[in-house]
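This briefing is intended for readers who wish to relate the sequence to its three-dimensional arrangement. The structure is shown below.

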Amino acid sequence: MSRAARLDFCWSSKTDVPDARSQPRHFPRFNDCQHNMQITEIPMKGYERVAKAHDPETGLRAIVAIHDRTLGPALGGMRMWNYSTDDEALTDVLRLARGMTYKSAVARTGLGGGKSVVIGDARSQKSPALFHAMGNFIDSFQGAYITAEDVGTSVADLKLVRESTKWVTGLSRDDGGSGNPSPYTALGCFVGLRAVLERVFGNASPAGRTIAIQGVGAVGSSFAEMLVKAGANVIVGDLYQERAESLARKIGARVSSMNRILFEDCDVLSPCALGGIMNDSTIPQLRCRAVAGCANNQLLEPVHGDLLHSKGILYAPDYVINAGGIINVGCELLKGGYDEASALKRIDSIYDAMKQVFHISETEKIPTYKAADLLAEKILKNGTASKH
Ligand code: NAD
């Protein structure tokens, strides 16, 4: 099937995401849309489209990666990070976009997977012009990619992006959106953690359990607060020590250091910062029974999922347990618009998704990360089949 024909059938597919049907049948030629911005295609096997933008006027350097739209338009957050090279940014966005395809499949959002990264320091390089330019870049995808918040970007940044494109979710309620997805991601992680605790300790309650959280930004802080309220002993650590200390004071948690947090003696280690932290050097030093957190791409390589499995540490596949945010923003696109009660009900289903993954892992005798991939690939395959 030709590429154009394949896209055609993607967009005419049955889905409960109404805007999917108003997407373009062909990607626009970017230079027709953007006069000053240099947009370079990056052909990438296994991805529908990857493109890099450079706007000399605003200093924007960004990449959008669309991994797969079998199930619907590609929705995924916009990360702003001070990558040391463009290659590092590309590797990150590719991994994140693929993760979104799998995440949305298992969470049954009716969406595909994509992601964007803005290369720059989120603390010092933000400007309205930068986000307007990013909006123009996203707009040129005409709905094939829809954005939201991620590490380094806020509701206020997304509001600026929205001035250049309508393909934005996660705006504030006042602006017609579902709000920042982070508390919903944290909530989903809390729900998923209950399945983890039940599996490991035979009791789903976090009360009395010790949970070490690496990274207390938007999701980690919210997650920590929920856990303390549920009676857990929470230990927090962050790159910015003062952030960890101020949260610990506010909610009643213990502070660890950025270097020690991963290796604290705990029931569950909860990575809520950046990816790749389950690796050859960290895994041998872990002192936990399970790893369950909000961060994306926690395993540096798949083999690290095997390593955790062989050490008897239960790993909650990141894209299954951290789907609360995508479920919430995805509800903005449903017919009838966003409804919090129905979003919360959908987020609750993360518990069942986790149990399903554990069941597959047990019956197939495979590590949980492979079980989650099997589940996602089955859903994607069914999605493809239903279109024929
Ligand atoms: P954030 O930028 O608000 O918070 C990240 C925190 O991690 C910051 O406080 C940062 O200082 C800290 N950090 C970074 N490197 C660290 C290190 N080496 N050790 C300790 N702390 C470190 O980002 P966020 O929105 O909270 O997202 C956190 C993670 O969750 C990311 O991996 C993100 O992709 C993932 N995630 C977020 C959402 C969401 O709704 N925000 C949804 C799904 C997944």
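The points that follow cover the domains, the contact between them, the ligand surroundings and the salt bridges.

The structure is a predicted model. The domain assignment divides the protein into domain 1, residues 16-100 + 110-168, and domain 2, residues 182-325 + 351-378. The centres of the two domains, taken over C-alpha atoms, are 28 Å apart.

**Contact between the domains**

- Ten residues of domain 1 and nine residues of domain 2 take part in the contact.
- About 800 Å² is buried between domain 1 and domain 2, and carbon and sulfur atoms contribute 41% of this area.
- On the side of domain 1, the residues that lose the most area to domain 2 are Trp81, Arg95 and Arg123, which together account for 56% of what that side buries.
- Three residue pairs are in polar contact between domain 1 and domain 2, with both residues at pLDDT 80 or more, whereas the number of salt bridges between these domains is zero.

**Elements and residue types on the side of domain 1**

- Strand S5 (78-81) and helix H3 (86-107) each provide at least two residues of the side of domain 1 that touches domain 2.
- Helix H3 makes the greatest contribution to that side, with four residues.
- By type, the residues of domain 1 that touch domain 2 comprise six charged, three nonpolar and one polar.

**Ligand surroundings**

- The ligand is surrounded by 25 residues, and the closest are Arg79, Thr185, Asp238, Arg243 and Ala273.
- Arg243 places an N or O atom of its side chain 2.5 Å from an oxygen atom of the ligand.
- At Ala273 it is a polar backbone atom that approaches the ligand, at 2.6 Å from an oxygen atom.
- Asp150 has a polar side-chain atom 3.2 Å from an oxygen atom of the ligand.

**Salt bridges**

- Side chains of opposite charge can pair when their charged atoms come close.
- The model contains 17 salt bridges.
- One of the salt bridges joins the side chains of Lys52 and Asp86, with an N to O distance of 3.7 Å.
- This pair connects distant parts of the chain, as Lys52 belongs to strand S2 (residues 49-55) and Asp86 to helix H3, with their positions 34 residues apart in numbering.
- Helix H3 thus appears in two of the topics above: Asp86 of H3 is paired with Lys52, and H3 also gives four residues to the side of domain 1 that touches domain 2.

Conventions: Residues are numbered from 1 along each chain as its sequence is written. This is a predicted model: local features need pLDDT of at least 70, side-chain atom pairs count only at pLDDT 80 or more; totals for chains, interfaces and linings use all residues. Side-chain values use heavy atoms; hydrogens and water are left out. Domain bounds come from an automatic or database domain assignment. Contact means heavy atoms within 4.5 Å. Buried area is the accessible area (1.4 Å probe) that two parts lose on being put together, summed over both. A salt bridge is a side-chain nitrogen of Lys or Arg within 4 Å of a carboxyl oxygen of Asp or Glu. A polar contact is a pair of N or O atoms within 3.5 Å; within protein, one must be able to donate a hydrogen and the other to accept it, and residues adjacent in sequence count only if both atoms are side-chain atoms. Ala, Val, Leu, Ile, Met, Phe, Trp, Tyr, Cys and Pro count as nonpolar, Asp, Glu, Lys and Arg as charged, and the others, Gly among them, as polar. A residue is near a molecule or strand if one of its heavy atoms lies within 4 Å of it.
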